[in-house]
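Reader: Hello! I am new to looking at proteins in 3D. Could you walk me through this one?

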Amino acid sequence: MNFTKTSQKFGQWADSRANTVFGLGFASEQQLSKFAEKFLEVKEAAKLAREKSQEKMETSSDQSQESGRETPSGNQASSLNGTDDEKISHVPDDTALKTENDRLKSVVEQSKKLETELQVLKDRNAQLTDTLHEANSNAESWRSKVTQSQGENNQLRHKISELEDQCKEVNLERERNAQLSLRIQELEADLQEKEQELEDLRKQAETIPQLMSKCESITAKLQAAETANRDLSEKMTLLQSEIDDSQQNQKNMKSELKKFMDALDGKIDELHEVRQSISKLGVDN
């Protein structure tokens with residue numbers, strides 16, 4: 001199995017024998033890197049243990065085969081020796097017995113060695129079997145842990161999604177609070193302006209009695225001015241009528257004066273004629 005980083009905080013590995021893909025999420029990228037390193041260490045350790053177990057099994061099988069081969073050779077040798085003994089029956093009995101005894105001792109020693117080696121191989125086989133069972137149990141525990149961690153991972157994802165939703169709500173609430181704080185600042189500024197205006201109005205209200213007294217005096221003066229204005233308007237009306245009368249009189253006088261001037265011109269002409277007639281009479285005289 002190979003562990004693959006699919007993102008900064010998530011990794012997965014596939015078990016082809018179980019036809020299953022496992023995924024695991026982490027809180028940070030460092031934890032993911034540590035898990036990947038441990039995964040490789042466990043993988044290498046399992047590989048070494050498997051190679052060692054295979055080597056031990058191969059050596060044990062080779063040794064068992066060699067022991068199986070050596071034992072019939074000893075029997076064959078003994079049988080051959082027996083035939084030789086039968087063949088060389090002319091050799092003295094003491095020498096034959098010694099050689100047979102020596103051969104039997106060597107065969108017994110070899111059998112003892114083979115028995116000890118076989119017991120060692122059995123013990124090693126039992127140890128390897130126990131190691132294999134332990135590895136299988138560890139694998140099962142790892143599988144259960146991985147399944148449990150996968151469930152916890154799903155729960156953590158669900159919690160993360162919930163926390164992200166809560167964070168979004170918190171961000172929205174913060175934005176609303178920021179808008180409300182700005183609105184509050186604006187309202188406070190408006191309130192300060194209104195308070196300043198109210199203070200100005202209060203100051204102006206303090207001057208209202210003086211203004212009222214001034215207003216009353218100005219009203220009295222205005223009434224007196226209105227009365228004087230009415231009197232003046234009446235006088236102006238009278239003066240206007242007098243002016244109209246005088247203008248009419250002037251017109252009449254102008255017309256009369258014109259008539260008088262015309263009559264005067266006529267009289268002057270008459271006098272001129274009389275003077276001319278008198279001058280003519282004087283000349284004649």
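Author: Gladly, and we begin with a definition: helices (H or I, at least four residues) and strands (E, at least two) are DSSP runs, numbered from the N terminus. The model is predicted, with local features needing pLDDT of at least 70 and side-chain atom pairs counting only at pLDDT 80 or more, while totals for chains, interfaces and linings use all residues. Residues are numbered from 1 along each chain as its sequence is written, and side-chain values use heavy atoms, with hydrogens and water left out.

Reader: Which pattern does the protein chain follow along the sequence?

Author: The protein chain has 3 helices and 3 strands. Read along the sequence, these elements come in the pattern β-β-β-α-α-α.

Reader: What percentage of the residues of the protein chain count as buried?

Author: Buried means under 20% relative accessible area, exposed over 50%, and partly exposed in between (1.4 Å probe, protein chains only). Of the 285 residues of the protein chain, the share that counts as buried is 8%.

Reader: How many aromatic pairs does the structure hold?

Author: Rings of Phe, Tyr and Trp (its six-membered ring) pair if their centres lie within 6.5 Å; planes under 30 degrees apart count as stacked, over 60 as edge-to-face and the rest as tilted. By that rule, the number of aromatic pairs in the structure is 8.

Reader: Are the rings of Phe3 and Trp13 stacked, edge-to-face or tilted?

Author: The ring centres of Phe3 and Trp13 are 5.8 Å apart, and the planes stand at 40 degrees, so this pair is tilted. The pair links distant parts of the chain, 10 residues apart: Phe3 is in the segment before strand E1 (4-5) and Trp13 in strand E2 (residues 10-15). Phe3 counts as buried at 16% relative accessibility, and Trp13 is buried too, at 5%. The name for the pair of Phe3 and Trp13 is tilted.

Reader: And which kind of pair do the rings of Phe3 and Phe35 make?

Author: Phe3 and Phe35 link distant parts of the chain, 32 residues apart, with Phe3 before E1 and Phe35 in helix H1 (residues 29-87). Their ring centres are 5.2 Å apart and their planes are at 65 degrees, so the pair is edge-to-face.

Reader: Which residues form one aromatic cluster?

Author: We have already met three of the members: Phe3, Trp13 and Phe35. The full cluster is Phe3, Trp13, Phe22, Phe26, Phe35 and Phe39.

Reader: How many salt bridges does the structure hold?

Author: Side chains of opposite charge can pair when their charged atoms come close. A salt bridge is a side-chain nitrogen of Lys or Arg within 4 Å of a carboxyl oxygen of Asp or Glu. The number of salt bridges in the structure is 5.

Reader: How far apart are the closest N and O atoms of Arg183 and Glu186?

Author: Both residues lie in helix H2, 3 residues apart, about one turn of the helix. Arg183 is partly exposed at 46% relative accessibility, and Glu186 is partly exposed at 44%. The closest N and O atoms of their salt bridge are separated by 3.5 Å.

Reader: With which residue does Glu173 form a salt bridge?

Author: Glu173 is partly exposed, with a relative accessible area of 39%. Its partner also lies in helix H2 (residues 93-206), 3 residues away, about one turn of the helix. The closest N and O atoms are 3.8 Å apart, and the partner is Arg176.

Reader: Which residue pairs with Arg202 in a salt bridge?

Author: Arg202 counts as partly exposed at 49% relative accessibility. Its partner lies in helix H2 as well, 3 residues apart from Arg202. The closest N and O atoms are 3.9 Å apart, and the residue is Glu199.

Reader: What is the accessible area of the nonpolar patch that includes Leu257?

Author: Patches are made of residues with over 30% relative accessible area and no salt bridge: like charges are joined within 9 Å, nonpolar side chains (Val, Leu, Ile, Met, Phe, Trp, Tyr) within 5 Å. Accessible areas come from the Shrake-Rupley method with a 1.4 Å probe; for residues, only the protein chains shown count as cover. Leu257 lies in helix H3. Together, Leu257, Phe260, Met261, Leu264 and Ile268 have an accessible area of about 460 Å².

Reader: Which residues form the negative surface patch?

Author: Lys and Arg count as positive and Asp and Glu as negative; His and the chain ends are not counted. The place of a charge is taken as NZ of Lys, CZ of Arg, CG of Asp or CD of Glu. Glu273, one of the members, is found in helix H3 (residues 208-284) and counts as exposed at 53% relative accessibility. The patch consists of Asp262, Asp265, Asp269, Glu270 and Glu273.
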